[in-house]
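Trainee: Hi, I'm new to this one. Can you walk me through the model?
Mentor: Happy to, let's open it up.
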Amino acid sequence: MINVLRRGQTSVQAISIQAGWRPEPDIVWIDLFRPNRDEELAVEAALCLQLPTVEEMEALEPSSRLYQEGGATFMTATLLAHGSEAAPHATPVTFVLAKGVLITLRYEDLRAFRIFGEHARCDEASPRAGPLLGLLDAVLERVARILDETEDRVAEVSAVIFKRPPGGNFRPLLTGLAQAQSVIALARTSLVSLGRLLSFAALAPEIADDREARAHLKTLQRDAQSLTEHTSHQGSHLGFLLDAALGLINIEQNGIIKFFSVVAVIFMPPTLIASIYGMNFDVMPELHWHAGYPMAVVAMVVAAVLPVLWFKRRGWL
């Protein structure tokens with residue numbers, strides 16, 4: 001699918017293109033969302049450039065992700081997709097600045113692109129790099145929103161961990177912490193990738209020759225750096241909560257084992273007495289005592305009470 005933003009419009013429009021298509025002069029952003037091969041070839045022929053393949057987009061080498069060719073600036077970043085859903089993951093997105101037009105190539109439905117596409121506006125006074133800077137601003141804002149949502153969920157989990165009644169189920173808590181850790185790790189990866197892209201974007205003629213665009217780019221770089229530091233703090237906090245949860249689990253398990261150990265020790269002497277007098281030997285004088293049964297019961301009670309008193313004195317109970 002191909003979406004385009006025209007100068008003076010307030011939102012993107014979906015269009016259908018074929019071989020021989022040429023972009024109108026007022027188009028400032030061409031968004032290729034899961035394009036087929038014919039659409040890719042039509043855009044490449046219209047703008048005289050070679051879009052990267054999926055393999056090149058997923059490569060980690062800077063030469064495959066950040067480069068200039070034929071007067072165009074190619075920048076690929078790894079962005080966080082579906083960060084608010086149950087299965088977040090990373091996806092590569094390519095940004096191309098060519099002849100004052102922004103071309104984006106992506107294969108995931110990213111909310112930042114939808115939000116920017118619904119409210120984007122580019123007038124005659126806007127800089128040539130305006131769509132790129134505005135889109136990157138929306139991407140960073142979306143990452144910040146995801147981090148805020150994750151921090152709220154972590155705060156709820158933290159309150160439950162330390163106020164949870166004994167014997168509660170830790171499985172949902174550990175699952176929530178694992179999901180939050182996954183989102184934060186992916187967000188950090190995305191921010192690091194965006195940081196590299198923002199540094200390289202300064203070389204694009206559309207930005208290098210525009211003072212306003214350079215100032216906007218520096219603001220984006222500071223925002224990306226600040227969010228990266230925030231993910232480090234959140235990661236450390238999550239590590240602490242995970243250690244705390246595992247520590248509380250161990251304490252409860254030790255308490256359960258301690259309880260059964262104490263019960264076993266308490267019933268061991270009475271069991272020994274009952275075992276002795278449960279034997280059926282002929283020569284056992286106690287078997288013919290009239291007071292033998294009550295004496296055996298008293299002995300078992302005393303043998304059970306003495307360990308309890310000893311444990312309490314030692315502070316084990």
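Trainee: What covers the buried residues of α9?
Mentor: The cover includes α8 (211-276), going by contact, meaning heavy atoms within 4.5 Å. Helices here are DSSP runs of H or I with at least four residues, strands are E runs of at least two, and both are numbered from the N terminus.
Trainee: Which residues of α9 are buried?
Mentor: G292, A296, A303, A304, P307 and F311 are. Buried means under 20% relative accessible area, exposed over 50% and partly exposed in between, with a 1.4 Å probe and protein chains only.
Trainee: How far apart are the end C-alpha atoms of α9?
Mentor: They are 33 Å apart, which agrees with the 33 Å that its 23 residues (292-314) should span at 1.5 Å a residue. The expected span is 1.5 Å times one less than the number of residues. Just after α9, G315 takes a positive phi of about 80°.
Trainee: Should I know anything about the numbers themselves?
Mentor: This is a predicted model, where local features need pLDDT of at least 70, side-chain atom pairs count only at pLDDT 80 or more, and totals for chains, interfaces and linings use all residues. Residues are numbered from 1 along each chain as its sequence is written, and side-chain values use heavy atoms, leaving out hydrogens and water.
Trainee: New topic: how many helices and strands does the protein have?
Mentor: Nine helices and seven strands.
Trainee: And what box do the C-alpha atoms fill?
Mentor: Roughly 115 × 40 × 35 Å, along the principal axes. Of the 317 residues, 41% count as buried.
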